[in-house]
Amino acid sequence: MAPRLDFSDWWAKDTRKGTPVVVKMENPNYSVVEIDGPDSAFRPVEKSRGKNAKQVTWVLLLKAHRAVGCLTWLATVFWSLLGAIKKRLSFTQPMGSEKLGRDRWLFTAIKLFLAVSVVILGFEIVAYFRGWHYFQSPNLHIPTSTLEIQSLLHLVYVGWLSLRADYIAPPIKALSKFCIVLFLIQSVDRLVLCLGCFWIKYKKIKPRFDEQPFRNEDAEGSGFEYPMVLVQIPMCNEREVYEQSISAVCQLDWPKDRILVQVLDDSNDESIQQLIKAEVAKWSQKGVNIIYRHRLVRTGYKAGNLKSAMSCDYVEAYEYVAIFDADFQPTPDFLKLTVPHFKDNPELGLVQARWTFVNKDENLLTRLQNINLCFHFEVEQQVNGVFLNFFGFNGTAGVWRIKALEESGGWLERTTVEDMDIAVRAHLHGWKFIYLNDVKVLCEVPESYEAYKKQQHRWHSGPMQLFRLCLGSILTSKIAIWKKANLILLFFLLRKLILPFYSFTLFCIILPLTMFVPEAELPVWVICYIPVFMSFLNLLPSPKSFPFIVPYLLFENTMSVTKFNAMVSGLFQLGSSYEWIVTKKAGRSSESDLLSITEKEAPNKKSQLLRGVSDSELLELSQLEEQKQAKKPVKKTNKIYHKELALAFLLLTAALRSLLAAQGVHFYFLLFQGVTFLLVGLDLIGEQMS
């Protein structure tokens, strides 16, 4: 065996030189690290080693500081929420509360449901603390013998369990299965619409026309023969938006002798009438062919207004009519992008343009509305227009062939959705529609929850009225069977009736009910996965809105109360089914509109505009201008919405019940949905009180 040659000791002995020094340390602070091997000194040392008591103290203090900061942040948020609620309630007057009227049947039912839920919750809490945990699972053993009964309260509780399992759970299960089937059918319809939209984008399908459709070699002058177009602006007490809408329509790029603008004013406020008259006079002085009409008898709302305007003798000279509501601002080339589609297409009755919103980023409410309306125009209208040549007329930003209106019966005053009414009747008479997704018209969405709720009530009660009235006409019409099926099953039943029915019943009634009847518990995919997927599909046309997917899902469930109430009211002619309240506008303008207004108010422009005005008219115009400038905005009175508040407390009660049963997803959904109902019920979404 080879001898071991180890010179380390010898080398160390020879290299030690000098006088040894001993160093003593008071209160030494050191750590010992064991080194096993020649490369151990270069290995990373575990973080848990080498910490003294002072370091541990600092770490604990840092963690405590972070915890206190988190709690402080939560307390600040909670305190801010309470402050906002207090402020909202302080500005609420007794007359500002929601008027229930004849629609209080739904509120009464929700109150009864809430009272029963609170009683059952108290009963379940007592049972929980007494150790009767039978409600954690329907499969657990329920006492049946008298030896297992502990007291009279225990006997009552066991009786409740038997009643719940044998008589209450089966009908809830049946109703929930029915609603789930409707939910899945509607989800499939939504998915098919999205696939159709993808196909249109992929194939680049869109309506086209000849680049020079009105060229006529025999015509004198420019060689173009433009058709006669009538432009109508129906309005009613539109103080905030009348000026910008009239201004935009009067700047349409169309030969002056081939266009007539009708300002159809139904205002009952004389000051607003004078303002609109003055605006019409100003544009008339600039050479625009514009007239002002005011009805003495205001019947039929917007339909009656349009019907009255179409009865004028001079309308016979016009071939097409374009309609713009008071808050719409078309671009100058609107008519040149829409009217040419009618040429060489005698079966075409309607050309509909898309809406875009000047105030879509104003607040959370406008952002959520933008998601819904983008899906409606980008997906529903475009797919139906390409594959079916039919869709519901949006009531504005569209051009009608006057012959199609006359053959379909004209404007009727029988519902609050006269636009959908005329579209269905025109479809039954064989007229085709075209939707132009690339032609956009600026408008507003409601900025307050009060205005939005009234608008949605009209939009969901009117279709049910119309369905009752036109069902017989659809069945006896001469159109193809598949078109009849599309009208009845998809257009009316699925998208107007089934959607608000299952949305309200499933998520606002059945879901909290199953917390007290766990035998009928809804699966997680019904309350989580499918709704999130459907919300994802709705957000595809507006990808910038993806951060709002959770608020959108919760708010849509909250709006299901209003939509369900409106649907039932319209279907059975209850309460305010035939009620039209003009949607309040804020008068928002785009940047180009602001620039044009600035130029228009310049001194030289004003002098040119008033050059042909008499002294009396000039005095009247100056008085109106002073009146507009002196008018101060009236503060909006906050409202309390009883149905939303009652459902908020109901959902929060169900959330507490789910907490006892340790149901994670159900608890969080009910909690967040209940808070959303609370915020909406206190009018904390949308336009705020300054």
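**Annotated spans and surface patches**

In this predicted model, the span of residues 487-516 is 100% helix and 0% strand, and its end C-alpha atoms are separated by 40 Å. A second span, residues 180-200, is likewise 100% helix and 0% strand, with 30 Å between its end C-alpha atoms. Both ranges appear in an unreviewed UniProt entry under the feature "transmembrane region", which that entry also places at residues 64-85, 105-129, 522-540 and 645-661.

A nonpolar patch on the surface is made up of Leu191, Leu195, Phe198, Phe533 and Phe536, which together present about 470 Å² of accessible area. Two helices, α4 (152-203) and α14 (524-539), each contribute at least two residues to this nonpolar patch, and the largest share, amounting to three residues, is supplied by α4. Within the patch, phenylalanine 536 is located in helix α14; this residue is classed as partly exposed because its relative accessibility is 37%, a value that falls between the limits of 20% for buried and 50% for exposed residues.

A surface patch of negative character is also found, and its members are Asp313, Glu316, Glu406 and Glu407. Of these residues, glutamate 406 belongs to helix α10, which comprises residues 402-407. With a relative accessibility of 58%, glutamate 406 is counted as exposed, since the class of exposed residues begins over 50%.

Definitions and conventions:
Residues are numbered from 1 along each chain as its sequence is written. This is a predicted model: local features need pLDDT of at least 70, side-chain atom pairs count only at pLDDT 80 or more; totals for chains, interfaces and linings use all residues. Side-chain values use heavy atoms; hydrogens and water are left out. Patches are made of residues with over 30% relative accessible area and no salt bridge: like charges are joined within 9 Å, nonpolar side chains (Val, Leu, Ile, Met, Phe, Trp, Tyr) within 5 Å. Accessible areas come from the Shrake-Rupley method with a 1.4 Å probe; for residues, only the protein chains shown count as cover. A salt bridge is a side-chain nitrogen of Lys or Arg within 4 Å of a carboxyl oxygen of Asp or Glu. Lys and Arg count as positive and Asp and Glu as negative; His and the chain ends are not counted. The place of a charge is taken as NZ of Lys, CZ of Arg, CG of Asp or CD of Glu. Helices (H or I, at least four residues) and strands (E, at least two) are DSSP runs, numbered from the N terminus. Buried means under 20% relative accessible area, exposed over 50%, partly exposed in between (1.4 Å probe, protein chains only). UniProt positions are given in the numbering used here, feature names are shortened, and annotations may be inferred rather than shown by experiment.
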